[in-house]
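Please walk through the cysteines of this structure, and then through a nonpolar part of its surface. Explain the reasoning at each step.

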Amino acid sequence: MNRINTIRLFNQLVGFITLALLICSSYVRAETNTGWMSNPEHPPVTTRFVLTGQVNPDKKTVEGFLEVKLDKGWKTYWRSPGEGGVAPKIDWKESHNLSRAEWHWPYPQQYELLGINTLGYKGDVVIPITLHISDWSRPVALNATLTLSSCDTVCVLTDYTFTLTFNANQLQLSESAAFQYAQAISLVPRSTSQITDSEARWDPQTNQLQVSLTRSLGWHNPELIVDSSHHKAKEYSFKPLSIRTTDNQATAIFAVSSWMRDIDLDQVPLFVSVKDEGVLAEANMVAGLGTVAGHQSSLLIMLLFAFVGGLILNVMPCVLPVLGMKLSSVIATQGLQKSQIRRQFVACSFGILCSFWLLAIFLWGLKLTGNAVGWGIQFQSPWFLGLMALVTGLFGANMLGLFNIMLPSKLSTWASTKGDDSAIGHFTQGVFATLLATPCSAPFLGTAVAFALGANSIELFAIFTALGLGMALPWLLVAAFPRLASLLPKPGKWMNKVKYTFGAMMLATCLWLLYLTSNHIPIFWVIVAALFLVVALLRAVKRVHGDKAFVTAGGLLLIGLSSSLVLGSITTEQWVKPLPDDLVWRSLDQNDISRAVSQGKTVFVNVTADWCVTCKANKVGVLLQDPVYSTLKQDSIIPMQGDWTHPDSAVSRYLRENGRFGVPFNIVYGPAKPQGIPLPVILTEESVMQAIHTAQGSDHQ
């Protein structure tokens, strides 16, 4: 009996101990994080402090992190917030057995609003923090207050008070928390042996800072951030103005500002964080006095590039679909007085400028919301394509005389009293001609747009104004010298024939735009819409111009279709061999590029889009022609393609990392040029073959 009681007592004791251990275990787990904290007066933000269970008894450290979740549109700030905002901070003074807390800041995003640059984070943010313990054998009591600034259209400063008690030598590892910590710590810039030299030079005359970093492996498309967190006496803001790379050196210029305007950077320690392909690093340096090459000269050069790029845009392949619209303005001037010619061409030029300003406003808005931006991205929208197809169809039908656009009587009377009842029409032509002519990059244009999208708001609009002036230059010349329009032959029947030809070109443009919508809607409905358009146009031709014109138009349409098929079949032996579109393109992947180059391969990257006419010209005229075609078929060459027909964040990011914001973009990587050799916008056989041989490390034969 006594033995049975003893066993029963022993089992009860074991159960009690097990229950106690379970309670203690749950207590320890519960004390490894604060749980989610929120403020009822500011619900867009929730936050918590978490211990990962990773400890180092020798260094007396415990790893943890601050996690902040922000609703869409809200952001918080980096350790140096820039020209606005407040960095997160935690007041630990009421804590016990804690000597200090060391923050590890992931690389931030850069934001601009109304010309003010800030640095921070959006979405789910994890900031690693290392706790340094005073006495490893004693419990740690955290009694802290987190002060967090969050901003959307307004900024809110919120306090979160939390407590946490734990024994450092009894913490258990949390795999999920350790994984979050590892992800966040991998985004923290560290010192690296790749940065072999650095220099910071401050010019007190211009209050500009020039930072130069030398990387042993060379630069691709670096992004630099400067802050003076070392310098506790004063807080400075560093606004990026420009950056250029030459071989292994990257040089960036920053505008320096301070709330007190008492700037003195001489011998001030600086943090310089840099992000580039294959490196996320931080370099420490001390600013010295020196002369900085002014940003204004760079801006002037970019304005010149933009002007020339806009001018060249007039002769790019992507302008062909709207050639009829533009040249019809010239035909319409026959027999007009000089004052009327001047007003019409000024109106058209103003329409071109306004369209560039609309593009600038659109891209500026995307920048403010943190979305991907790029040149010609309006062609990724089915709504834009549909609207442009409708507009070009109406313009084409109007030029064929199938209908006339009439203004309301009051508006017509008002316009006629101003001396020009066609200014609105010419203005509209300028707007739509420009919107249709900008799906492709041009020489100089890509450089200027990349500079604009990386600059502040004022500079962005200045660059796009220069682009508009460049594209409008031919029309401005006619406005300034109306006699230029009189160089055409005298008015006659030929004008109607040319006008009808241009009208047919506009209708062809309409069909091309309808074809592009097949990337967004089923091809069946595109064919139905095209057939409906053709039937409606033929009926309108019969109604307006009679049966003879109807038969002629229908016959020309059938002859055009049949002759193209016959011509294709007759010449098939000539064009099929040089143009077999059977290149095997891999999907664009930055990791695959690095891996292939490390294996001795050469990678040819082609970033393209179905709506890019220049891309099509490059493909047919160069990529599918020997010797380029045969070279791309070799086993040592990997063709890789990024499709930007639809919005694609990965392709947009790749373009942005290479300083490009539009297509086409081609670049060649190889063992001798792992950083890549960018190719010109308009490809040539010589430029492609030379880049491939150089990337391979062989001489061009």
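Cys348 has a relative accessibility of 7%, so this residue counts as buried, the cut-off for that class being under 20%. The model is a predicted one. Cys354 falls into the buried class too, with a relative accessible area of 16%.

The next topic is disulfide bonding. How many disulfides does a search of the whole structure find? The search returns 1. The bond joins Cys151 to Cys155, with an S to S distance of 1.9 Å. The distance qualifies because a disulfide is counted when the two cysteine sulfur atoms lie within 2.5 Å. About the S-S bond of Cys151 and Cys155 the torsion is about 115°, and the disulfide is therefore right-handed.

Are the two partners of this bond buried or exposed? Cys151 has 1% relative accessibility and therefore counts as buried. Cys155 has 53% relative accessibility, so Cys155 counts as exposed, given that the exposed class begins over 50%. The disulfide thus links a buried cysteine, Cys151, to an exposed one, Cys155.

The surface comes last. Which residues make a nonpolar surface patch of about 410 Å²? They are Ile521, Phe524, Trp525 and Val528. One of these, Phe524, sits in helix H12, which covers residues 523-545. With a relative accessibility of 52%, Phe524 counts as exposed, because the cut-off for that class is over 50%. Phe524 therefore combines an exposed side of the accessibility scale with membership of the nonpolar patch.

Key: Residues are numbered from 1 along each chain as its sequence is written. This is a predicted model: local features need pLDDT of at least 70, side-chain atom pairs count only at pLDDT 80 or more; totals for chains, interfaces and linings use all residues. Side-chain values use heavy atoms; hydrogens and water are left out. Buried means under 20% relative accessible area, exposed over 50%, partly exposed in between (1.4 Å probe, protein chains only). Patches are made of residues with over 30% relative accessible area and no salt bridge: like charges are joined within 9 Å, nonpolar side chains (Val, Leu, Ile, Met, Phe, Trp, Tyr) within 5 Å. Accessible areas come from the Shrake-Rupley method with a 1.4 Å probe; for residues, only the protein chains shown count as cover. A salt bridge is a side-chain nitrogen of Lys or Arg within 4 Å of a carboxyl oxygen of Asp or Glu. Helices (H or I, at least four residues) and strands (E, at least two) are DSSP runs, numbered from the N terminus.
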